[in-house]
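Visitor: I would like a close look at one loop residue, and then at the folds elsewhere in the chain. Please keep it brisk.

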Amino acid sequence: MFGQLKLDDETFDEIFEYHKRKIPQINRKWTDFNEHDPGITFLELLSWMKELQQFHLDQIGIENYKMFLKLIGMKQRKKQAVRTVAGLYEIEKEFSLPKNSRIYAGDIIFETIEERRFAPNRLLSVSSDLDEKPCQGGQVLLRFAHAFPKETCHRLYFQMAEPKEGKRQPVKEGFLPLIQWRLEARMDGKIFSCKILKDETHGLLYSGEIQFILEGLEESGQAEASETEMQLCFIIESGEYDIAPVIQAVEWNSILVEQTETRSTYEKVSVLEDRKTVYLNSRMARQGKLEFYREKEGIWYLTEIEQREILSDRVRILLKEGVEETETLYAVMYEADFEAERSYEMDGFPFQQIRLENTELLQDQMEILVTCPFQKNRFERYQRVENFYHSSPEDRHFVFDEEQGCLFFGDCERGIAPKGELKIIRFTSSKGLKGNIKEHQLKFFEDGTVPAKVTNFEDTSSGADKESIEECFCRFMQEGMQTERAVTMEDYENLVRQTPGLLIHKVKATTSFLKRSWENQTADNTVYLVVKPYAKEAMPKLSRGYEQNIRNMLEKKRMIGTRIQILSPEYVGIYLFAEIVCKAHYKNGKEQIEEAVRTYFSEELLDFGKTLVYGKVYGLIECLTCVERMDNLSIHAQGKGVLRKPNGDYQMPVHALIYLESMDFSISWSK
């Protein structure tokens, strides 16, 4: 955090004595400095006022720091609930898992964030030829013992190994996958097309889910062939990998869960054609209490329930009143033991507060309704704001401090003071950082009737507590040191290394690169970027996907008028021949020389445009303990733009990388 400036650094006596000593410099006739003198009395008064002002100026509180953060464009990060993927196994029969179903890791609660249907199945094998064919035509084949159900969206969770060469940058908006998939389902010798709805793996670059639906299955007559073996084949249609992905595990019965404990929530629901019937499927709808509201022009009208029927896979609700087409229907669900805690009576006076018992609440998961003035069963939704600085007397605003677990309301000048019944319609808590768990800690369902077991595949790290003011200031300082604009050559190189989704081995930015190796001229206002990616082969070229992602990332960061040219490295092969006399007792001298030369070329000549110095290679070999003398050394380099100097050195183009093509040593031993 920034160093604090102390403003209240003088006492009353120090202020008074300092100014009293200056009196003779201003007026020599003033000689009486006793307390009875009126001038001294005024000086004491002014000294007291200055000391008082300094004291108040030095009282900087949390709200002041928050305003300072706002002035520099920063905002404290909120508490983050852990999200992870839970895998179900040993499924005994087909069943549906409702939304908000609870899964426990010890005493830590996780909740499903969606409804999901599961069916027993078994993965027979996983095969891939991406290592030999990481481009068009490469395949990943999954064999399952049974066909997937046709009526649902299917999910496959892929757990991928981290590349040995480095860690890929996180994917951001605008990232173009390196490859494009096509998914096929195969049963009984027939091929059925599949539609990929979502690919969180970005072409198996990261761990994540692939969501898809089977197409054409029902028309083919295979809809009920659940006992038939099914093959899912991912085929590369275009693009190529830099490094072939390695699949560690595949889970097909998985669901996304979040480390939250929901006591009350609401959702927008649709009604059937009779305008009265509603279907819900969540744990809260099954086990908790329900309220329905018809919303029109910002007013929520409480609607009574005529019938509630719990079916095998959902809950059927029949309302007493029909919902008009101009109205929006909301279902509020809350736990039975939360009913007393969700309702408060407001008195309409300024500066009202509600202190909640729970201090682990999520800031974004607190929403309330308040009775409209003089209108029964009609409510208005209050909006949560950070503070009341911009609130008018009529604004329905409230401030929620999740650290204290307290709701604050306005003073009728900045935010209206509520009067009447207040209802909490969304109330969710999370442990934040303490909610992170190790792999396989998810153990059991709250509902003991679920016919399956559950676990988690990986350690979690996404849970975080609310960022403190000090941490926010530190982040501001760190972000200020990061490269956000491409101005210098170093800026361009740093930005290329940060390109999302790519593995960059080397990069060189320059403006002096010859447009063509045979033309002695350069292009004005052009930055040339020579990029070498990590790849399986020793001398990789840039793929189209790499070039497009680098260009898209730099487009918004380059200076206006600057053109960008992205190039692959020029690989220059070096041929060595030497006649060497080794000492007689070094029978393995040739092996030692070859190892020293390989090390020199692999460690010393790694940078772009590195000059090959004849004298260094000569001295490297001659100084080896096994060498008696060297009679001849010949070095030859092949490549565009390579210049040989009279002293035998080779000057390489700025975009060139040297590699050892071959070495031939004629070895003899001294007598």
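Visitor: Is Asp337 buried or exposed, and what is its relative accessible area?

Guide: Asp337 is exposed, with a relative accessible area of 54%. Exposed means over 50%, buried means under 20%, and partly exposed is in between, with a 1.4 Å probe and protein chains only. The model is predicted, so local features need pLDDT of at least 70 and side-chain atom pairs count only at pLDDT 80 or more, while totals for chains, interfaces and linings use all residues. Residues are numbered from 1 along each chain as its sequence is written, and side-chain values use heavy atoms, with hydrogens and water left out.

Asp337 sits in the loop between β21 (328-334) and β22 (343-347). Strands here are DSSP runs of E with at least two residues, helices are runs of H or I with at least four, and numbering starts at the N terminus. The side chain of Asp337 has a partner: a polar contact of 3.1 Å joins it to the side chain of Arg263. A polar contact is a pair of N or O atoms within 3.5 Å; within protein, one must be able to donate a hydrogen and the other to accept it, and residues adjacent in sequence count only if both atoms are side-chain atoms. Gly288 is 49 residues away along the chain from Asp337, yet their C-alpha atoms are separated by 8.8 Å.

Now take Thr262. Thr262 belongs to strand β15 (residues 261-269). Thr262 is buried, at a relative accessible area of 5%. Its side chain makes a polar contact of 2.7 Å with the side chain of Glu111. Leaving out residues up to four places away in sequence, Thr262 touches Asn100, Arg102, Glu111, Arg283, Met284, Glu335, Phe427 and Thr428. Contact means heavy atoms within 4.5 Å.

Two other loop residues deserve a look for their backbone. Most residues other than glycine have a negative phi. Glu90 has a positive phi, near 50°. Glu90 lies in the loop between β1 (83-89) and β2 (95-97) and is exposed, at 52% relative accessible area. Asp188 also has a positive phi, near 50°. Asp188 is found in the loop between β9 and β10, and counts as exposed at 53% relative accessibility.

The strands around Asp188 are β9 (residues 179-187) and β10 (residues 190-199); they run antiparallel and are joined by four bridges. Met187 faces Lys190 in β10. Strands pair if DSSP finds at least two bridges between them. Both strands belong to an open sheet of eight strands, ordered β6-β7-β12-β9-β10-β11-β8-β13, with antiparallel pairing. Its edges are β6 (123-128) and β13 (247-251), each paired on one side only. The twist averages 25° from one strand to the next. Such angles run from 0 to 180 degrees between N-to-C directions; axes are lines fitted to C-alpha atoms, for helices over the stretch in contact.

Further along comes an open sheet of three strands, with order β31-β32-β33 and mixed pairing. The edge strands are β31 (504-510) and β33 (563-567), each paired on one side only. Neighbouring strands are turned by 20° on average, direction ignored. β31 pairs with β32 (residues 526-533) in the antiparallel sense over six bridges. Lys508 stands opposite Val530 in β32. Helix α7 (residues 489-497) lies across β31, β32 and β33, at about 155° to β31. Helix α8 (residues 544-555) also packs on the sheet, touching β31, β32 and β33, with its direction at about 155° to that of β33.

Next, β34 (residues 570-582). It joins β38 (residues 656-669) through 13 bridges, and the two run parallel. β34 also pairs with β35 (residues 627-638), antiparallel, over 10 bridges. Gly573 has a bridge partner in each: Tyr659 in β38 and Gln638 in β35.

Last, a helix pair. α9 (residues 589-603) and α10 (residues 614-622) pack at about 145°, with axes 10 Å apart. From α9, Ile593, Ala596, Val597 and Tyr600 make the contact; from α10, Lys616, Val617, Leu620 and Ile621 do. By class, this contact has seven nonpolar, no polar and one charged residues. Ala, Val, Leu, Ile, Met, Phe, Trp, Tyr, Cys and Pro count as nonpolar; Asp, Glu, Lys and Arg as charged; the others, Gly among them, as polar.
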